[in-house]
Number of protein chains: 2
Amino acid sequence: MPQSKLVKVKAQPRRSILSDETYLMIRAMIFAHEIVPGDRVNIDALAVQLGVSQTPIREALARLESEDLIAKEALKGYRATNLLTVTEFADLFSFRLLIEPYAAEQAAILIDSKGIKELQSEISNAKEAINFNDERLIEAITEHDARFHALIAKYSNNKTLASAFTNTHCHLHLFRLYVASQKHLIEPSDKTSFIQDLFSRYYQSDRGQLAIKQHTAIAKAICAHNPEKAKAEMYSHIESSLKRFTPDLHKVQTDRKTS
Amino acid sequence: MPQSKLVKVKAQPRRSILSDETYLMIRAMIFAHEIVPGDRVNIDALAVQLGVSQTPIREALARLESEDLIAKEALKGYRATNLLTVTEFADLFSFRLLIEPYAAEQAAILIDSKGIKELQSEISNAKEAINFNDERLIEAITEHDARFHALIAKYSNNKTLASAFTNTHCHLHLFRLYVASQKHLIEPSDKTSFIQDLFSRYYQSDRGQLAIKQHTAIAKAICAHNPEKAKAEMYSHIESSLKRFTPDLHKVQTDRKTS
DNA sequence: AAATACTATTTCGTATAGTATTTTGCCAAA
DNA sequence: TTTGGCAAAATACTATACGAAATAGTATTT
């Protein structure tokens, strides 16, 4: 058994890096609405709650700050940033319309067999998820959507693009998770907030089937190495998604011009 | 003198936030090549050098990490990230070609009189800088270029775009500063590294006059509220800048496809 | 009612100590 | 000389405690 010497302690579980784990945990708390937008984030309290010292918390918050998920006010402390405003939401989609069709185009050129498998498997999973009940459906579709678009950004093979995508998309993701969490507020009341309005428009109608259909078309074009088609499909997908969210976008854009 | 009461202690100098200042100082050290790409960054040493404790250093490094100017390896410490590779450089320009023409277009629509003044003054400054001697010229033009493009990103009024621009552009800026710092290596030697080759191609020929000429055209279109022209001028400006850097770009792109 | 003073809380930074891990340098064996 | 391994030094990571300074809230005085 000469191997025992070579292998040695290689298998010992890596010591966890608290500042990294803390970062992920705080991030998860934000996405899970345990930390609500606008909340103040107290370092001491967080340290106690997570059972670590202040040092890892500080590093985690510094990172979250440069992702704009946490804002720091000098001498006043940290607080969770607010949700996207209507304008910011529209801006984010304008940005997506710039970079994601290009990403799809490049992915169609550069994707390899491993990537094709990964993409197809993501589509399959999504199609299964359609059969979920309402409770899990919306969350499943939201998560699938995030993974799908991230995959394409990754296979564009452009790190600058992929990193810009990641940095901006987390806000959209958070926004969607928040919209979804407001589901129970829809039925009983007739007051229609921006959020609730969005919810009914986006999820009530087709339960996300349209999005998955469009994803399928995009994936098909990419896997067939058809850049033009992939680009066009991605463009109309994002456009359609934006239209569903805000059919009155033209009004928003007009507002911006006059502001 | 009722004013004296109203003004009061408003002017008292804000206590400096060490973690912010430390962040800026380390960042400046990177841009000044006091911290060279690939260098290990020792927290203790930095704390002693800057005369602060570890806490602000850690927060600063965490922020720099998410900008990708500093990379963290678990349990091994931080190190300054390497310069852009040829591929990353090409990717960055592809990305710029996606977002900056759009930014110029939107700026032409949305810019106000204050913005027009700011843009025009930046152009004036640049034209003065052309008369600098070689020593200061390159740095002046590099800094002007960064400010000019940042201004347009700002006046696109799209925060998502502006933030993506900021995050990606610092790498280009660092790259250019590094290229410029290699100037003295050009003349005497005949060995032609990638960097030195770039330098001669980009700066020796016209001392940046072409870039400023193009900037002037872009600014003119924006200030005249001509979106189409602004967009087109910005596109060809970036394209021309890319071509000057890498006339053999097609080769790079071919390489990517086969990788 | 407004200005002021006082108190409590919180942030920000320092200092220090201890543990885990990596790196380095040395020594022995091939 | 080279290789491999082990011990020592260096470094990263975390915890803890403390203090100064600013903010926020409350009470007091004018």
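**Exercise 1.** In this predicted model, determine which polar backbone atoms approach a phosphate oxygen of DNA strand D.

*Solution.* Begin with chain B: a polar backbone atom of B:Leu75 lies 3.1 Å from a phosphate oxygen of DNA strand D. Turn next to chain A, where a polar backbone atom of A:Ser53 is 2.5 Å from a phosphate oxygen of the strand. For A:Ser19, a backbone N or O atom is found 3.4 Å from a phosphate oxygen of DNA strand D. Finally, assign the elements: α2 and α4 of chain A are those that give two or more residues to the surface near DNA strand D.

**Exercise 2.** Describe the protein surroundings of DNA strand D.

*Solution.* The strand is surrounded by 23 residues, the closest being A:Ile17, A:Leu18, A:Ser53, A:Leu75 and B:Leu75. Of the atoms of DNA strand D that come within 4 Å of the protein, 85% belong to sugar and phosphate. Sorted by class, the residues of this surface comprise nine nonpolar, seven polar and seven charged.

**Exercise 3.** Characterise the interface of chain A and chain B.

*Solution.* First, establish its extent: 39 residues of chain A contact 39 residues of chain B, and the buried area is about 3,200 Å², with carbon and sulfur atoms giving 58%. Second, examine the polar pairing. Four salt bridges cross the interface; in the one between B:Lys72 and A:Asp20, the closest N and O atoms are 3.2 Å apart. Nine residue pairs are in polar contact, both residues at pLDDT 80 or more. Third, locate the contributors on chain A: α2, α4, α5, α8 and α12 each supply at least two residues, and α5(A) gives the most, with eleven.

Terms used. Residues numbered from 1 in each chain as written. Chains lettered and ligands numbered in written order. Predicted model: local features only at pLDDT ≥ 70, side-chain atom pairs only at ≥ 80, totals over all residues. Heavy atoms only, no water. Contact = heavy atoms within 4.5 Å. Buried area = accessible area lost by both parts, 1.4 Å probe. Salt bridge = Lys/Arg side-chain N within 4 Å of Asp/Glu carboxyl O. Polar contact = N/O pair within 3.5 Å; in protein donor to acceptor, adjacent residues only side chain to side chain. Helix = DSSP H or I, 4+ residues; strand = E, 2+ residues; numbered from the N terminus. Near = heavy atom within 4 Å. Nonpolar A, V, L, I, M, F, W, Y, C, P; charged D, E, K, R; others polar.
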